[in-house]
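I opened the file to look up helix packing, ring pairs, charge pairs and one sheet. The entries below follow the order in which I went through them.

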Amino acid sequence: MPFALVILIVVIVVTAGVGYLGLQSVKPTTATVKSCSPASACVTSSLTNDVTLFTPYNPGYGQTMISVASGVKLSATVGVTGSETIKTYQVAWGDGTNSSGPSATFTHVYAAPGTYVIAGSAIDTKGITHTGTGALIPVSVTPALGDVITGFYPTLVTSLLNGTTGGIYPWLGVGATVTVNGSYSSAPPNPLWLAAGPTLAAGAGVTQKTYSHGSTWATGTYSFASAGVYTVTLSGTTANATETLPFTYVWSFYVTATGAGLGCSSCKIPVAKSPHPGEIVAYEVAPSGAVTLDPAGDYYTIGSEVTLNVFQYLISYNGTDEGPTANSFIPNAATCVPGSGQCNALYPGTGSLVSGSNMTFVISANDHFYDPATGKTWGVYPSDVMFSYLRMMMYADGSVTTTYPGWIIDQAFLPLGNPYYDISPITSAAVHYPYNNTPYNMLTSMYVNDSAFCPASAMTNAHGCITINTAESGYAQPALLDYLAHGTAGAIQSCGWYTAQGTGVPGFKSSGADAPCYLPGDSTSTSQSSFTTFLAAQGPTSWDGLELDGQGNYSVCSTPFCATGFNEVGSGPYGLVNANPTVGYVLAANPGWVQPAGCAGESYCLPAKGTFASKVVVYYDDDDTLGIQELSAGYADLAGIEQADAGTYLALAAKGQVVLVNTPSTSTFNFGFNLNIGLSTLAQFDPYKVNILSNTFDYVGLRDFLAQAYPYASVDAQYNVYQGIEFGFNYGGFIPEYLGNYYPTNVSFPGYNTTTGLWSDPSTSSSASSIVGSAAYYWKQITTSGNPLYDPQFGTGGYSASNPLHVPAIAFEGDPTHFAIMELWGKYVTQISGGAVVFDVFYVAPGVVYEYLVPGSPWALWLLGWGADYAQPYDYWAAYGTAVGTWTTPNSVAATLTEGAASAVYNSPSCTGYGAVDTFAALFYWANQLAIPQDCQGVAYNVTLYWAPYANHDTNVVQGQLIWNRLDAIFSALNLYVNTEQAFQPDYIAPWVNPSSLGLNGINGFPGQENLWYTVQGNGVVS
């Protein structure tokens, strides 16, 4: 869905007071009301006082009211404690919208940040309206995560004081007054944007008594003459050189008639304190535990959580992304971000440490590795950084490239390899493909302490420099910043320590495990002759044996990850004290830790020493049983609860024992079409009739039809919200929401109406063949001879109602939700096709699925997923769009559309009349097509292959966004995948933990607890 333009960061500041909580002692009364005016005041009448209201959320420590983000579905359930028979339940949401119906539970999405009051009521079969002193819930609505991370908006601090009776809650009696305040606590994080002063505006029926405002603040006092629901809105604008955007914050007020009771069912502010001060205890649902904690081998596992807390990076993402520019990052182990004004100030005359394709990072003298086994700390040097990136690059290539995180930095460090050359003498595999990670390419991609790039002050006041040369990759350098800030690929490892464990890199030497090390040739600079002599002696295959060891199955401890699989040393805020693959791990604060000086006070800056818990204990569990027990017992700080146990969580929440924090993630899921199905292997697993052809999905019209037949609205209503908790939401393109300022609002995704902003189902009315773009429309196109989308598989003698196409659709064992979704989708497909297409849904074990992720995969239609590695759309493109991507290989996308003689049928000369693939004319032409003709699929796909890398490295931010917008449209028209839902990440925490302190950055990858433990705060959490 498109973003709303209501965007700001909100910190609610409150003033203590009694409020109306005392009125909850009002005794139940009964009355009959025939009418009331205004209608919004109906729920305030003094009627049968036996209504309660419940939401899945409740306040956490440091909060006075529940908190949800804009765009998140909030459910509310009306309850009646009496014995009356209820005909209609009602909820007024406080923003001018109301819900009513025979069901007691309703859901709502707030479009604008603000403070609202939800009111519940019920009408019984006698026509009597019931209210209650527990029928109100205040809610703080924060900005949508995707809006926040643009960095365009100021940080807004707001307060509300009920001036007549005291208190901070947005309800009061007739004649009472309230005072509201809003001010900017900081300017927009993106320095290119400036915010104008805010103003306040009272809604209809509100009397403004006082009002004043300045360049960064506004305050006003208001009164209300009659009962009803009213609003006061703070408005402002933020602008850069070419664009101005509005933002708002809304206070809604519930004004009751004189004598009517008021009361809140969720206003019990948590006062609990951690039973283990200074220590965090967490239980995580991780049935198989962690595969490895070694950052060079840990990409797909839960172990990356350890890397996020134990290791440091040169730079880190600051949560404000509009392109790969220095403004989106902050220094970590480096003293500044190359290309930034900070680098220019620290090192004048160096071009801000950027020279052509070279970016130089100065290593801070404050950074220290920590070895918990010995208690020793020692400095971080450029040799450690070079060593770390070499370890990453060495193990990047394998049967599935992205098994290891090194592929991320390889995109900038290395040229592409050739699958048909450099066949290893040890094995017949092409070791250096797709990234040409030969020793020479890796070693020459970096310079250490080279005077041509490293300023003299860096050698005296810091620990020296590492310069990264991106020229080998063939792309400009800006995207390098995204890669180096990645949660595992950018991890800085201790050269001396890893070398001592036998998991080092050829040539690097150290005097001991807890000590710095020298570069190859015992050198301290890559410009020294001893280093260049070592470099000259390294043949293209001289490191093949070590690299092949890294391509082994590290889950059974093949080298080089045996000694360091669960024994790590880093320079981050924590050190790893102990770890067990299936039990969990223990962290302790790094005694040598010093907060990076270059980012103090900025978003996502690593914390100062002593401001975070000194110990962390994490348990891996097969299910959520133990976590629920420990949360219920008041011992655990955090615990993972499975979706099936949402009801258990709700029961704990009702008792005030847990708090829900539900953050939208950038993890996405889709169903992928295989263009070259391995039929013989498929027959071994498919229990149904196999009559699909290996190339059935080569026909783009069939893919268009199936994509439009996906029932988005039903899936969202039936499966994404479970017992009132939202676990996912619809999305349509390959670029997810909340990934910087890239999400296009004008791309027509399957099932989405860009005019109404609503998702629909392919029901009979919306699937008429006369409705261009509907599922029925595409069915008519593919079954009409002579049409550009005609599919001969459904011609004479082909698939029909009497001989239907059986589509093998697999679901993962233990995942009944997606099994049910596949069946629902199949129902619509069969209905619209008149029985000519049916879905055969069957389970396959996840391990078996991934075992067959090779060209010629047997899986015809299957579930895929991806989580963000860095805040760039190219991260998703690398998986789903590139010729060597994670999913394009087993789905045979590139092999079918662009490679070999067979691809000629998809690259008709008539399709190239709109410009060569490298022209804007071609990009815009194919982006504006409702459907891609059958014989032009390869041409359109090749356009995306050219422009995606270009957009990824484009320093012109506006142009880069425009290109991504067009690429999303082309990719959606090709319909190689049916993009379904984007996941929320629910965290369940103890009431003493401050929910706003959790490190729930939007790019933390797959759903689940990948927590930044050093951000967690609360009552007693930090000793």
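Entry 1, a helix and its surroundings. I am working from a predicted model. I began with the contacts of H23: its buried residues pack against helix H8 (480-484), helix H15 (700-708), helix H20 (874-880), helix H21 (893-897), helix H22 (920-927) and helix H24 (957-974). I then looked up how much of H23 is covered, and 12 of its 16 residues are buried. Among them are Gln937, Gly938, Val939, Tyr941, Trp947 and Asn952.

I checked the length of H23 as well. At 1.5 Å a residue, its 16 residues should span 22 Å, and the end C-alpha atoms are 23 Å apart, which agrees.

Entry 2, rings. How many aromatic pairs does a search of the whole structure find? I noted 53 aromatic pairs. One of them joins Trp947 and Tyr950 edge-to-face, with 5.2 Å centre to centre and 70° between the planes. The angle is over 60 degrees, the cut-off for edge-to-face.

I placed both rings in helix H23 (residues 937-952), where Trp947 and Tyr950 are three residues apart, about one turn of the helix. An α-helix has 3.6 residues a turn, so residues three or four places apart point the same way. Are the two partners buried or partly exposed? Trp947 is buried, with a relative accessible area of 3%, whereas Tyr950 is partly exposed at 37%.

I also recorded a cluster linked by ring pairs: Trp407, Phe734, Trp866, Trp877, Tyr880, Trp964, Phe971 and Tyr977. For a charge over a ring, I noted Lys827, which lies over the face of Tyr828 at 5.0 Å from the ring centre.

Entry 3, charge pairs. Side chains of opposite charge can pair when their charged atoms come close. My search of the whole structure gave three salt bridges.

I looked up Asp716 and Lys73, whose side chains meet at 2.7 Å, N to O. Asp716 lies in helix H16 (residues 712-720) and Lys73 in strand S5 (residues 73-80), so this salt bridge ties together parts that are 643 residues apart in sequence. Both Asp716 and Lys73 are buried.

Next I took Lys73 and Glu726, which form a salt bridge at 3.4 Å, N to O. This pair links distant parts of the chain, with Lys73 in strand S5 and Glu726 in strand S38 (residues 725-726), 653 residues apart. Lys73 and Glu726 are both buried. I therefore logged Lys73, Asp716 and Glu726 as a network of salt bridges.

I then turned to Arg391 and Asp294, whose side chains meet in a salt bridge at 3.0 Å, N to O. Arg391 lies in helix H4 (residues 382-394) and Asp294 in the loop between strand S21 (279-285) and helix H2 (304-310), so the pair ties together parts that are 97 residues apart in sequence. I found both Arg391 and Asp294 buried.

Entry 4, a sheet. I traced four strands that form an open sheet in the order S24-S25-S29-S28, with antiparallel pairing. Which strands stand at the edges? They are strand S24 (354-355) and strand S28 (446-448), each with a single partner strand, so one side of each is left without a neighbour in the sheet.

I followed one edge further: S24 pairs with strand S25 (residues 358-362) in the antiparallel sense over two bridges. The bridge partner of Val354 in S25 is Met359.

Terms used:
Residues numbered from 1 in each chain as written. Predicted model: local features only at pLDDT ≥ 70, side-chain atom pairs only at ≥ 80, totals over all residues. Heavy atoms only, no water. Phe/Tyr/Trp six-rings, centres within 6.5 Å; stacked < 30°, edge-to-face > 60°. Buried < 20%, exposed > 50% of the residue type's maximum accessible area, 1.4 Å probe, protein only. Lys NZ or Arg CZ within 6 Å of the ring centre and 35° of its normal. Expected span 1.5 Å × (residues − 1). Contact = heavy atoms within 4.5 Å. Salt bridge = Lys/Arg side-chain N within 4 Å of Asp/Glu carboxyl O. Pairing = 2+ DSSP bridges.
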